[in-house]
Amino acid sequence: MQLDSGAVAEGRVTRVTDFGAFIQFENGETGLVHISQIAHSFVRNIHDHVREGENIEVKVLGRDERGRLDLSIKELLEEPEEVPRPRAIGRQSPQFEAKLRSFMRDAKERTTTGGPKKPGGGGGKRKK
């Protein structure tokens, strides 16, 4: 069996890590399905998608500079019509906005005028 770029093949999941799943083929070669190539949606836990010992179909994306197989499950799945968007952060309260503007204004004044003088005047080392 020749595993060239674009080929679709079935292999067995031999190991699952936080960053991907290792797939072994009949010819003895092993490749990696990176976690970003598992599904079209965000994959928080790879164990929700693949398990050690199961046979899965993958697409060969190519080989890296060291000759290792880069694989994808996602390329064989139908792309969803609309990709889910991240939840928007609501607007902050008006009191928070006012405090933030005041803080930013004070910070800008301190950086442009050299900041407030410290009590005691001289600063630096004390004489003995």
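**Reading a predicted model, feature by feature**

Q: What relative accessible area does Phe 96 have, and how should I read it?
A: Phe 96 has a relative accessible area of 39%. Buried means under 20% and exposed means over 50%, so Phe 96 counts as partly exposed. Keep in mind that this is a predicted model. Phe 96 sits in helix α1, residues 94-113. Together with Leu 100, Phe 103 and Met 104, Phe 96 makes a nonpolar surface patch of about 400 Å².

Q: Where does helix α1 come in the order of elements along the chain?
A: Read the pattern from the start of the sequence: β-β-β-β-β-α. The chain has 5 strands and 1 helix.

Q: How many residues does the largest nonpolar core have, and which have the most contacts inside it?
A: A nonpolar core is a set of buried nonpolar residues joined through their side chains. Here the largest one has 20 residues, and Ile 23, Phe 25, Val 58 and Leu 71 have the most contacts inside it. Strands β1 (8-17), β2 (20-24), β4 (55-63) and β5 (69-72) each give this core at least two residues. For a closer view, take Val 58: beyond its neighbours within four places in sequence, its contacts include Ala 7, Ile 23, Phe 25, Val 33 and Leu 71. Over the whole chain of 128 residues, 23% count as buried.

Q: How many salt bridges are there, and which residues does one of them join?
A: In general, side chains of opposite charge can pair when their charged atoms come close. The count here is 2 salt bridges. One of them joins Arg 63 and Glu 29, at 2.9 Å from N to O. Arg 63 belongs to strand β4 and Glu 29 to the loop between β2 and β3 (30-34), so this pair ties together parts 34 residues apart in sequence. Asp 64 and Arg 68 also meet in a salt bridge, at 2.7 Å. Asp 64 is buried at 17% relative accessible area, while Arg 68 is partly exposed at 43%.

Q: Which side chain of opposite charge is nearest to Lys 74?
A: That is Glu 75, 5.8 Å away. A salt bridge needs the charged atoms within 4 Å, and Lys 74 has none although it is buried. Lys 74 lies in the loop between β5 and α1. Leaving out residues up to four places away in sequence, Lys 74 touches Ser 36, Gln 37, Ile 38, Ala 39 and His 40.

Conventions:
Residues are numbered from 1 along each chain as its sequence is written. This is a predicted model: local features need pLDDT of at least 70, side-chain atom pairs count only at pLDDT 80 or more; totals for chains, interfaces and linings use all residues. Side-chain values use heavy atoms; hydrogens and water are left out. Helices (H or I, at least four residues) and strands (E, at least two) are DSSP runs, numbered from the N terminus. Buried means under 20% relative accessible area, exposed over 50%, partly exposed in between (1.4 Å probe, protein chains only). A nonpolar core is a set of buried Ala, Val, Leu, Ile, Met, Phe, Trp, Tyr and Cys residues joined through side-chain atoms within 4.5 Å. Contact means heavy atoms within 4.5 Å. Patches are made of residues with over 30% relative accessible area and no salt bridge: like charges are joined within 9 Å, nonpolar side chains (Val, Leu, Ile, Met, Phe, Trp, Tyr) within 5 Å. Accessible areas come from the Shrake-Rupley method with a 1.4 Å probe; for residues, only the protein chains shown count as cover. Lys and Arg count as positive and Asp and Glu as negative; His and the chain ends are not counted.
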